[in-house]
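The exercises below work through one protein model, residue by residue and then as a whole. Try each task with the structure open before reading its solution.

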Amino acid sequence: TIRRTTVPQIANRKGGEPIVSLTSYHAHTATIVDGYADFILVGDSLGMVMHGMDSTVGVSLDLMITHGQAVVRGTQKALIVVDMPFGTYEESPQLAFRNAAKIMKETGCGAVKLEGGARMGETIRFLTERGIPVMAHIGLTPQSSHVMGGFKTQGRDEDSWPLHEEDARVVTEAGAFAVVLEGMVEPLAAKITKQVAIPTIGIGASADCDGQILVLEDMLGLNKWTPKFVKTYGDLGPAIERAVAEYAAEVKSRAFPSEDQIYR
Ligand code: KIV
Ligand code: NA
């Protein structure tokens, strides 16, 4: 039997072979990603990618659980990490524990991720001491986009670096097993990666991190807009469009279904 990648196995990759990860929200794509990723994130970006929302703020706990179940069912190897959505953990460590435990019980995932640095230290400690592994997420934190006035790359002003370094230090000391660095200038991501004992997982945060993550649909070319930090490895948007157009034409011409698809 195949055993899933464990939280300590991810934590032990600090400074070693880069950690590979992608998001997935969907059983069939997760099965493909499972062959290559050390961990798979069921990110709350699913609100935008799968459900057409403008931001991740509207994503519910139930939606995360539904997609988390799909990804756990579709995989065998990767550690599955599920995002805690906005409003389900910020208020208190107790609320965070209740909701994180619900996610873990109902999906079978191996860890949760939550946004925020120093201000989330107490909560990260509360969860990890009680059996819930936490991946932290600092730098550009999309759930705070209303406060930040959009999605802004962090650390362009060197005066802000100590705050980000403090975030990384606090989440590490609180017990996070890894930390996502999102939307951060390269020298700051490199500095933080050197300073903390846990793996840093970069998205728009340079090649200096201990691992990388991308949103699967972004790297497959399925989103209408591609940010600078995304490399498009696939061109699925046009491929899907060609297939749909051909199907539509064949239905109209009665070329589909043909002999091969008919029960005699
Ligand atoms: O929701 C998400 O996809 C994420 C990754 C971008 C890190 O949090
Ligand atoms: Na997220």
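**Exercise 1.** In this predicted model, decide whether Asp 83 is buried or exposed, and list its contacts beyond four places in sequence.

Solution. Count the other C-beta atoms within 10 Å of Asp 83: there are 28. A residue needs 20 or more to be called buried, so Asp 83 is buried. Next, place the residue: Asp 83 belongs to strand S3, residues 79-83. Finally, leave out residues up to four places away in sequence; Asp 83 then touches Leu 41, Val 42, Gly 43, Asp 44, Met 64 and Lys 113.

**Exercise 2.** Find which residues UniProt gives as "binding site", and explain why they can be treated as one spot.

Solution. The unreviewed UniProt entry assigns this feature to Asp 44, Ser 45, Asp 83 and Lys 113. These positions span 70 residues in sequence, but no two of their C-alpha atoms are more than 12.5 Å apart, so they gather at one spot. Two of the contacts of Asp 83 fit here: Asp 44 and Lys 113 are among the residues it touches.

**Exercise 3.** Describe the surroundings of Ser 45: where does it lie, and is it buried or exposed?

Solution. Start with the chain: Ser 45 sits in the loop that runs between strand S2 (39-42) and helix H3 (46-49). Then count neighbours: Ser 45 has 21 C-beta neighbours inside 10 Å and therefore counts as buried. With neighbours within four places in sequence set aside, the contacts of Ser 45 are Thr 23, Thr 56 and Val 215.

**Exercise 4.** Locate the residue that UniProt gives as "active site" and describe its setting.

Solution. The unreviewed UniProt entry puts this feature at Glu 182. Glu 182 is in strand S6, residues 178-182. Its 23 C-beta neighbours inside 10 Å make Glu 182 buried. Outside a window of four places in sequence, Glu 182 is in contact with His 137, Gly 139, Leu 140, Thr 141, Ile 203, Gly 204 and Ala 205.

**Exercise 5.** List the residues around ligand 1 and state how they divide by character.

Solution. The shell consists of Thr 23, Leu 41, Gly 43, Asp 44, Ser 45, Asp 83, His 137, Val 180, Glu 182, Ile 203, Ile 213 and Val 215. By character, the shell has five nonpolar, four polar and three charged residues. Compare with the annotations: Asp 44, Ser 45 and Asp 83 carry the UniProt "binding site" feature, and Glu 182 carries "active site".

**Exercise 6.** Show which residues of helix H6 are buried and what they pack against.

Solution. Helix H6 covers residues 121-129, and its buried residues are Gly 121, Thr 123, Ile 124, Phe 126 and Leu 127. They pack against helix H5 (93-107), strand S5 (134-139) and helix H8 (161-174). Just after H6, check the backbone at Gly 131, where phi is positive, at about 100 degrees.

**Exercise 7.** Summarise the overall build of the protein.

Solution. First, the elements: the protein has eleven helices and eight strands. The radius of gyration is 20 Å, close to the 18 Å that the globule rule gives for 264 residues, so the protein is as compact as a globular protein of that length. The C-alpha trace spans about 70 × 40 × 35 Å along its principal axes. Buried residues amount to 43% of the 264. Last, the domains: domain 1 takes in 7-233 and domain 2 takes in 235-264, with 39 Å between their centres.

Key:
Residues numbered from 1 in each chain as written. Chains lettered and ligands numbered in written order. Predicted model: local features only at pLDDT ≥ 70, side-chain atom pairs only at ≥ 80, totals over all residues. UniProt positions renumbered as here; feature names shortened; annotations may be inferred. Helix = DSSP H or I, 4+ residues; strand = E, 2+ residues; numbered from the N terminus. Buried ≥ 20, exposed ≤ 12 C-beta atoms within 10 Å, placed from the backbone. Contact = placed C-beta atoms within 7 Å. Domains from an automatic or database assignment. Near = placed C-beta within 6 Å. Nonpolar A, V, L, I, M, F, W, Y, C, P; charged D, E, K, R; others polar. Rg over C-alpha atoms; globule rule 2.2 N^0.38 Å.
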